[in-house]
Amino acid sequence: MMQSFKPLLASLALLCCTEAALADSGAEMFATQCSGCHQADGSGVEGMYPPLTGLSAWASTPAGRDYLAQVLTHGLFGQIQVGGASYMGGLMPGFGHLKTEEIVDLLNYVTGSLNKPAKGWAPFDAALVESARAAKFSGPEMKRVRDKLPKR
């Protein structure tokens with residue numbers, strides 16, 4: 001009887017290890033690529049770099065998810081408002097040079113670990129990131145896309 005459970009147990013162990021590795025990968029990417037400006041906990045720096053917390057609503061809608069993937073891929077330029085506060089970080093570089101899976105891991109870490117996932121949230125995937133890459137937005141164009149989203 002125990003023999004019949006071994007393949008199932010092996011599959012479950014592999015799944016758990018894979019999910020943990022993806023979470024670790026996103027956390028590592030965040031630590032090396034984002035935390036210098038946005039801080040290790042995603043709280044940002046007042047007046048300069050906005051918090052990456054409070055993204056749950058955006059991460060749960062198609063337009064918000066598209067924006068998050070696009071801004072990470074293409075960057076953002078100019079002053080923005082978050083929670084009534086102004087942030088003039090100047091230029092957030094695009095990270096389009098990263099591999100698609102690295103961007104996916106980073107988006108999933110930020111939206112799934114630094115934020116409490118809202119109803120409708122699903123993990124980001126490679127297809128969404130590839131679509132963001134194809135959009136070819138500039139930093140100033142990303143600002144205009146952002147301005148069309150609900151305020152946060």
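Helices are DSSP runs of at least four residues, numbered from the N terminus. In this predicted model, helix α3 is followed by Gly-75, whose phi is positive, near 90°.

Helix α3 itself covers residues 62-74. It has 13 residues. From the first C-alpha of α3 to the last, the helix reaches 18 Å. That is close to the 18 Å expected at 1.5 Å a residue.

Helix α3 is mostly covered, with 10 of its 13 residues buried. Towards the start of the list stand Gly-64, Arg-65, Tyr-67 and Leu-68, which are among the buried residues. The others are Ala-69, Gln-70, Val-71, Leu-72, Thr-73 and His-74. Several elements contribute to the cover. They include two strands, β1 (75-77) and β4 (91-93). Helices α4 (100-112), α5 and α6 also take part.

The packing of α3 against α6 was examined next. Two packed helices are described by the angle between their axes and the distance between the axes. For α3 and α6 the angle is about 165°, and the axes lie 10 Å apart. Angles over 145 degrees count as roughly antiparallel, and α3 and α6 are therefore roughly antiparallel to each other. Their crossing is left-handed. On the α3 side, the contact is made by Tyr-67, Gln-70, Val-71 and His-74. On the α6 side, Gly-139, Met-142, Val-145 and Arg-146 make the contact. The four α3 residues named in this contact, Tyr-67, Gln-70, Val-71 and His-74, are also among the buried residues of that helix.

Charged pairs were then searched for. Side chains of opposite charge can pair when their charged atoms come close. A search of the whole structure finds two salt bridges.

One salt bridge joins Arg-133 to Glu-130. The closest N and O atoms of this pair are 3.5 Å apart, within the 4 Å limit for a salt bridge. Both residues belong to helix α5 (residues 126-135). Because Arg-133 and Glu-130 are three residues apart in α5, about one helical turn separates them. Arg-133 has 18% relative accessibility and so counts as buried. Glu-130, in contrast, is partly exposed, with a relative accessible area of 39%.

The other salt bridge links Lys-143 with Asp-147. Here the closest N and O atoms are 3.1 Å apart. Lys-143 and Asp-147 both lie in helix α6 (residues 139-147). They are four residues apart, about one turn of the helix. Asp-147 counts as partly exposed, at 40% relative accessibility.

Technical notes: Residues are numbered from 1 along each chain as its sequence is written. This is a predicted model: local features need pLDDT of at least 70, side-chain atom pairs count only at pLDDT 80 or more; totals for chains, interfaces and linings use all residues. Side-chain values use heavy atoms; hydrogens and water are left out. A salt bridge is a side-chain nitrogen of Lys or Arg within 4 Å of a carboxyl oxygen of Asp or Glu. Buried means under 20% relative accessible area, exposed over 50%, partly exposed in between (1.4 Å probe, protein chains only). The expected span of a helix is 1.5 Å times one less than its number of residues. Contact means heavy atoms within 4.5 Å. Axes are lines fitted to C-alpha atoms, for helices over the stretch in contact, and angles run from 0 to 180 degrees between N-to-C directions. Angles under 35 degrees count as roughly parallel, over 145 as roughly antiparallel, 65 to 115 as roughly perpendicular and the rest as oblique. A crossing is left-handed if the near helix is turned anticlockwise from the far one by less than a right angle, and right-handed if clockwise.
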